[in-house]
Amino acid sequence: NPDATAEDVFLQMISRARQTVYITTPYLAIDEPMLKALCLAGDSGVDVRLMMPGIPDHKFAYLVAQCYFGELLERGVRIYTFEPGLLHGKSALSDRQTGFVGSVNMDYRSFQLHFECGAVFYDMPETAAALLDDMESIMARSRCLTYEEWRRRPWLHRLIGTVLRPFAMWM
C-alpha cells in the first residue's frame, strides 16, 4: 500500500490531539514516525493511553511489542493490559471527537502491506461517547503497566523481543 492511508490517519489523529489519544490494538510493531508521534504527544501533556491484550494470541509479536513499551512509558504514554484475555479491538479516539474503528492494527503489516478498512468519524458526539465508554470499560478491566514492571520482565523475554524487533514487519 504505497499511500499508507491508515497510518496517515493515525498520525494525524495523534499529532493533532490536544487532550487525549486512546488506542486499542492487539499488536504493536510501529515504525519511527509512529513511535515519535506517540512520544511527542506524551511529552506535550496529551493523555495517551494504549490498550493491549493481557493474554496475547501471538507470543513472539507481543514480545516485540514490549520492546517499544520502555520508551513510550518514559515519555508519558500509559499502557494498559486487558486482564481478562485477548483484546482484539482496533480503534482510536482523539480528544473525544475524532475516532477510528476498523481492522487496522498498529503494525507495519496493516499500515504498509494490507488494504485494511475502517470508519473515521468526526464531530459525532454520540458515536465518540459510545467508543469512549467501551474504552473506559476496557481500562477498568486492565492493569496499567509501570516502567518498573516493564524493566523487571524476564531476561529471556527481553532477549527474544530485542532479537525479533528488526523483523517486526514480517510478524
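## Helix α2 and its ends

Helices here are DSSP runs of H or I with at least four residues, strands are runs of E with at least two, and both are numbered from the N terminus. With that settled, welcome to a predicted model, and let us start at helix α2. This helix covers residues 32–43, which makes 12 residues. From its first C-alpha to its last, α2 reaches 16 Å, close to the 16 Å expected at 1.5 Å a residue.

Both ends of α2 are worth a look. At the N-terminal end, aspartate 31 acts as a cap, with a side-chain oxygen 3.2 Å from the backbone nitrogen of methionine 34. After the helix comes glycine 45, whose phi is positive, near 95°. In between, the buried residues of α2 are Met34, Leu35, Ala37, Leu38, Cys39, Ala41 and Gly42.

## The nonpolar cores

Which residues touch the most other members of the largest nonpolar core? They are Leu28, Met34, Leu38, Phe69, Leu72 and Met106, out of 36 residues in that core. The elements giving two or more residues to this core are α1, β1 (20–24), α2, β3 (47–53) and α3 (59–74). Of these, α3 gives the most, with seven residues. Another core, of 13 residues, lies apart from this one, and its members include Phe121, Leu131, Met135 and Ile138.

Methionine 34 is a good residue to zoom in on, since you have now met it both at the capped end of α2 and in the largest core. Leaving out residues up to four places away in sequence, methionine 34 touches Glu7, Phe10, Leu11, Ile14, Met106 and Phe111.

## Helix α5 and its two sides

Helix α5 runs over residues 125–140 and has 16 residues. Its reach from first C-alpha to last is 22 Å, close to the 22 Å expected at 1.5 Å a residue. The buried residues of α5 are Ala128, Leu131, Leu132, Met135, Ile138 and Met139. Viewed down the helix axis, these buried residues fall within an arc of 115°, so they line one face of α5. An α-helix has 3.6 residues a turn, so residues three or four places apart point the same way. The face of α5 turned away from the buried side carries the exposed residues Glu126 and Ala140.

## Two buried strand residues and an exposed arginine

Serine 91 is found in strand β5 (residues 91–94) and is buried, because its relative accessible area of 5% is under the 20% cut-off. Its side chain makes a polar contact of 2.6 Å with that of threonine 24. Beyond residues up to four places away in sequence, serine 91 touches Tyr22, Ile23, Thr24, Phe100, Val101, Leu131 and Met135.

Threonine 20 lies in strand β1. Is threonine 20 buried or exposed? At 9% relative accessibility, threonine 20 counts as buried. With residues up to four places away in sequence set aside, the contacts of threonine 20 are Val46, Asp47, Leu93, Ser94, Asp95 and Arg96.

Arginine 16, in helix α1 (residues 5–16), counts as exposed at 59% relative accessibility. The side chain of arginine 16 makes a polar contact of 2.5 Å with the side chain of glutamine 12.

## Salt bridges

How many salt bridges does the structure hold? There are six. In one of them, aspartate 47 pairs with arginine 78, and the closest N and O atoms are 3.1 Å apart. This pair links distant parts of the chain: aspartate 47 is in strand β3 and arginine 78 in strand β4 (residues 78–82), 31 residues apart. Aspartate 47 is buried, with a relative accessible area of 17%, whereas arginine 78 counts as partly exposed at 34%.

Arginine 143 and glutamate 83 also meet through their side chains in a salt bridge (3.7 Å, N to O). Arginine 143 sits in strand β9 (residues 142–145) and glutamate 83 in the loop between β4 and β5, so the pair ties together parts that are 60 residues apart in sequence. Arginine 143 is partly exposed at 35% relative accessible area, and glutamate 83 counts as partly exposed at 40%. Elsewhere, salt bridges that share partners join Asp43, Glu71 and Arg75 into one network. Within that network, arginine 75 bridges to glutamate 71, with 3.7 Å between the closest N and O atoms.

Notes:
Residues are numbered from 1 along each chain as its sequence is written. This is a predicted model: local features need pLDDT of at least 70, side-chain atom pairs count only at pLDDT 80 or more; totals for chains, interfaces and linings use all residues. Side-chain values use heavy atoms; hydrogens and water are left out. The expected span of a helix is 1.5 Å times one less than its number of residues. Buried means under 20% relative accessible area, exposed over 50%, partly exposed in between (1.4 Å probe, protein chains only). A polar contact is a pair of N or O atoms within 3.5 Å; within protein, one must be able to donate a hydrogen and the other to accept it, and residues adjacent in sequence count only if both atoms are side-chain atoms. A nonpolar core is a set of buried Ala, Val, Leu, Ile, Met, Phe, Trp, Tyr and Cys residues joined through side-chain atoms within 4.5 Å. Contact means heavy atoms within 4.5 Å. The arc is that of the directions from the helix axis to the C-beta atoms. A salt bridge is a side-chain nitrogen of Lys or Arg within 4 Å of a carboxyl oxygen of Asp or Glu.
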